[in-house]
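I sat down with this one to see how the strands are arranged and what surrounds a ligand. My notes are below, in the order I looked things up.

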Amino acid sequence: MTRTAAPAPTGTDDPALDVEGLCVDLSTPLGTVRAVDGVSFSVRRGRTLALLGESGCGKSMTALSVVGLLDPAARVTGGAVRVRGSDTLRLSPAERRKLAGPVLSIVFQDALTALNPVQPVGRQIGEAFRIHRGLSRREAREKAIELMTRVGIPEPRERARSYPHQFSGGMRQRLLIAMAVALDPDVLIADEPTTALDVTVQAQIMRLLRDIQNERDMALVLITHDLAVVAQRADDVVIMYAGTVVEKGPVRDVFSAPRHPYTQGLLDSVPEHAVRGRPLPAVPGSPPELSAVPPGCAFQDRCPLVRERCVRERPVLRPAGEGRTTACHFAEELTHA
Ligand SMILES: Nc1ncnc2c1ncn2[C@@H]1O[C@H](COP(=O)(O)OP(=O)(O)OP(=O)(O)O)[C@@H](O)[C@H]1O
Ligand code: SF4
Ligand SMILES: [Mg+2]
């Protein structure tokens, strides 16, 4: 293991994060199942990539694999996660920990569980500076107060002494964002960062994320159920189904002319998919259990275009126009009104 987390120069066109063929297996009482199967995507600095798909399709598993925080029941069994020229999956745990904060960072949905309930928030936010930059407690505290100011916490100097439960849900989410961006990561992953909040606060948090992303030129991987957020915020979208990528491409193109029946179903079920704060709409039926994904296409039981080949042969991702891919045998038959 010779590579370390030391910054390596990257060309402006190089992705800040490049995930290739990621596979994650999960141990269950019924045996091992594949929860993430060959997922690939990449995102450059300053750009936003959305991961979209129904509950259980593997979005969080993908995110947790990228940042090295998978549950012990799950294991990465294949693929590469490249940042700054290194495949993080091949780094030692110590080398990998050095990336958490300055290179890769994550904001979770549930701020209350992500924060330590018995430690003042200023100390928690400042910790990154102590660990990674060797600052004194006092210096770290000043940095924490700066960050709290930036994310919009009123009276930050006083509030730094408060505990997580003394903040509202929206304010806690701001604190998590402050912690996540403390060390100026190249890549920020936000796993449903607003779903626990009311609609007005959701919009404020999304604006804060956008502004901080722009200031720091971060790559953002945004995991969301909200089609409107994807349409408004993301440059590219990766649509997942049963652990696989079924369609990928620039949001504008994918949403205006989907090349996979699942994407089309998602869009058709919200004709006015510009409404904020909506959960992902239902496509009739439900995804297969991971232990019972059929041979052939995983979407076959819900697909209006299904035919014999779909049952027999699993579709693989293939080009479907400029910068786009789809995993459907019959993508050419899709036209969007
Ligand atoms: N710790 C775990 N133990 C067992 N199964 C798990 C665990 N975490 C996730 N799973 C299973 O792995 C699959 C992928 O889950 P994941 O959390 O990645 O989905 P998701 O797309 O993030 O869903 P959601 O939108 O509900 O957050 C699901 O079938 C889920 O039930
Ligand atoms: S491969 Fe067949 S079943 Fe799968 S999405 Fe395409 S048409 Fe539907
Ligand atoms: Mg999730």
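These entries cover two sheets, the helices on them and one ligand site.

**Before starting.** I am working from a predicted model.

**Entry 1, the four-stranded sheet.** I traced the strand order first and got β2-β1-β4-β5, an open sheet with antiparallel pairing. The edges are β2 (31-43) and β5 (86-87), each of which has a pairing partner on one side only. Next I checked β1, residues 17-28, against β2: 10 bridges join them, in the antiparallel sense. For a landmark I noted threonine 28, which sits opposite glycine 31 of β2.

**Entry 2, the helix on that sheet.** Which strands does α1 lie across? I found β1, β2 and β4 (74-83) under helix α1, which spans residues 59-67. Its direction is at about 110° to β1.

**Entry 3, the eight-stranded sheet.** This sheet is open too, but its pairing is mixed, and I read the order as β6-β7-β8-β3-β9-β10-β12-β11. I marked β6 (104-107) and β11 (318-319) as the edge strands, each paired on one side only. β6 runs parallel to β7 (residues 187-191), with four bridges between them. One of my reference points here is serine 105, whose bridge partner in β7 is leucine 188. Helix α8, residues 199-216, packs on this sheet and touches β3 (48-52), β7 and β8 (219-224). Its direction makes about 160° with that of β8.

**Entry 4, ligand 2.** Where does ligand 2 sit? I found that the space it takes is the largest cavity. Around ligand 2 I listed His260, Pro261, Cys297, Phe299, Gln300, Cys303, Leu305, Cys310, Pro315, Cys328, His329 and Phe330. Sorted by class, that shell has nine nonpolar and three polar residues, and no charged ones.

Key. Residues numbered from 1 in each chain as written. Chains lettered and ligands numbered in written order. Predicted model: local features only at pLDDT ≥ 70, side-chain atom pairs only at ≥ 80, totals over all residues. Heavy atoms only, no water. Pairing = 2+ DSSP bridges. Contact = heavy atoms within 4.5 Å. Axes fitted to C-alpha atoms, helices over the stretch in contact; angles between N-to-C directions. Near = heavy atom within 4 Å. 1 Å grid on protein atoms, 1.4 Å probe; cavity = no way out; pocket = protein on both sides within 12 Å on 5 of 7 lines; lining within 4 Å. Sits in = over half its atoms within 2 Å of the grid points. Nonpolar A, V, L, I, M, F, W, Y, C, P; charged D, E, K, R; others polar.
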